[in-house]
Amino acid sequence: MSLISSATREAELLSQRLLEAQRNRAGIDSSTTAFRVVNGAGDNLEGLTIDAFEDVLVASLYVDLSQAQENALLEVIAQTLEPRSIYLKRRPREARVAATTERDFLAPDAPAWGEQVDSLVALENGVRYLIQPGGDLSVGLFLDMRDTRHWLRFNNSNRTVLNCFAYTCGFGVTATLAGSDRAVNLDLSKRVLEWGADNYRQNKLIPKQFDFISGDVFDWVTRLKRRGDTFGTLILDPPSFATSKFARFSAVSNYDELIENVIPLLEPDGLLLACCNHHKLERRFFMAAIKRGLERAGRGYNLIASLGQSPIDFPVPDALEPPLKVFALEIA
Ligand SMILES: C[S@@+](CC[C@H](N)C(=O)[O-])C[C@H]1O[C@@H](n2cnc3c(N)ncnc32)[C@H](O)[C@@H]1O
């Protein structure tokens, strides 16, 4: 089925598939109002994902559609799922749209359908997160990490946490809710860390200014090591690619080096949560990279849990491996 036709039969088929996807999420209870409603090919709707944040939908398009085709698609989504608003993110894979890849085109401020909602609070297993649906491709929470955040909340007994590549500090919030006294959130962007501090406040936690470090992980790891800081839990959730003054990182080629470099900051018997959301780094190769990094650093390990995206709202076609892979390891 194509996403692009406004013909009646196509619209009916799209509507049926949306309803089927919605029915498949019926097991998500009211303590979670932020979840994925449509996961592309996993829901027989290749090229389209839809995330729900309360009654606001964020639809991402991975195909190029004309304005008329987009309008027809939005109309069917609106009629079928009856949201308050739909925000659109255009995520074309191909450079042929390079001329029109300004932020306003990719992630318009205004909703494509319904009323303007500048920000809202959505729940994930009862934890409150601030969401900004418009204006950026990322809206404040990566929903595929839900099960991992939940796992951390009930499995982290360590008092200190280093959350590398923290974004809006979802892991910092859950670790603090789990009882950690110190969760250091490290990210390049001051803006997302301020957003993270708001997420703390949303959950009645007091953000301590010195636990939000805006800087480069590859630089700060060296500084923290020099300072003699160590942590009970170390969270690594890097982007697939990162280029900075201090390093060029690609998850496929450099995850082992990242582990080797960062692991001295982890106390003996500490918890390492290593995450990768890159479809080109297969699960077994990701695990092999982690092992290589640990071996080079002279640290043993014990695998505690293999985590990843929830099959309820992030289904993938049978033949494919889920892109998100997370390993929780106890490090000797
Ligand atoms: C995949 S997101 C992390 C998601 C986050 N762990 C969460 O649970 O929501 C990647 C983050 O890494 C940050 N980032 C990219 N390169 C960085 C670097 N060299 N040092 C610090 N942060 C970096 C980006 O600003 C972005 O917020």
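Two strands pair if DSSP finds at least two bridges between them. Helices (H or I, at least four residues) and strands (E, at least two) are DSSP runs, numbered from the N terminus.

Quick ground rules. This is a predicted model: local features need pLDDT of at least 70, side-chain atom pairs count only at pLDDT 80 or more, and totals for chains, interfaces and linings use all residues. Residue numbers start from 1 along each chain as its sequence is written.

Start with the hairpin of strand 6 and strand 7. It has 2 residues between the strands, and N125 takes a positive phi near 45 degrees. The strands run antiparallel, joined by 5 bridges. A122 stands opposite Y129 in strand 7.

Now burial. A residue is buried if 20 or more other C-beta atoms, placed from the backbone, lie within 10 Å of its own; 12 or fewer is exposed, and in between is partly exposed. Which side chains of strand 6 are buried? L120, A122 and E124, which point to one face. V121 and L123 point to the other and are not buried.

After strand 7 (127-131) comes a loop to helix 4 (146-155), and F142 lies in it. F142 counts as partly exposed because it has 19 C-beta neighbours inside 10 Å. Its C-alpha atom is 9.7 Å from that of A34, 108 residues apart along the chain.

Last stop, helix 9. F286, A289, I290, G293 and L294 are buried there. Seen down the helix axis, the buried residues fall within an arc of 130 degrees (taken from the directions from the axis to the C-beta atoms), so they line one face. Just after helix 9, G298 takes a positive phi of about 75 degrees.
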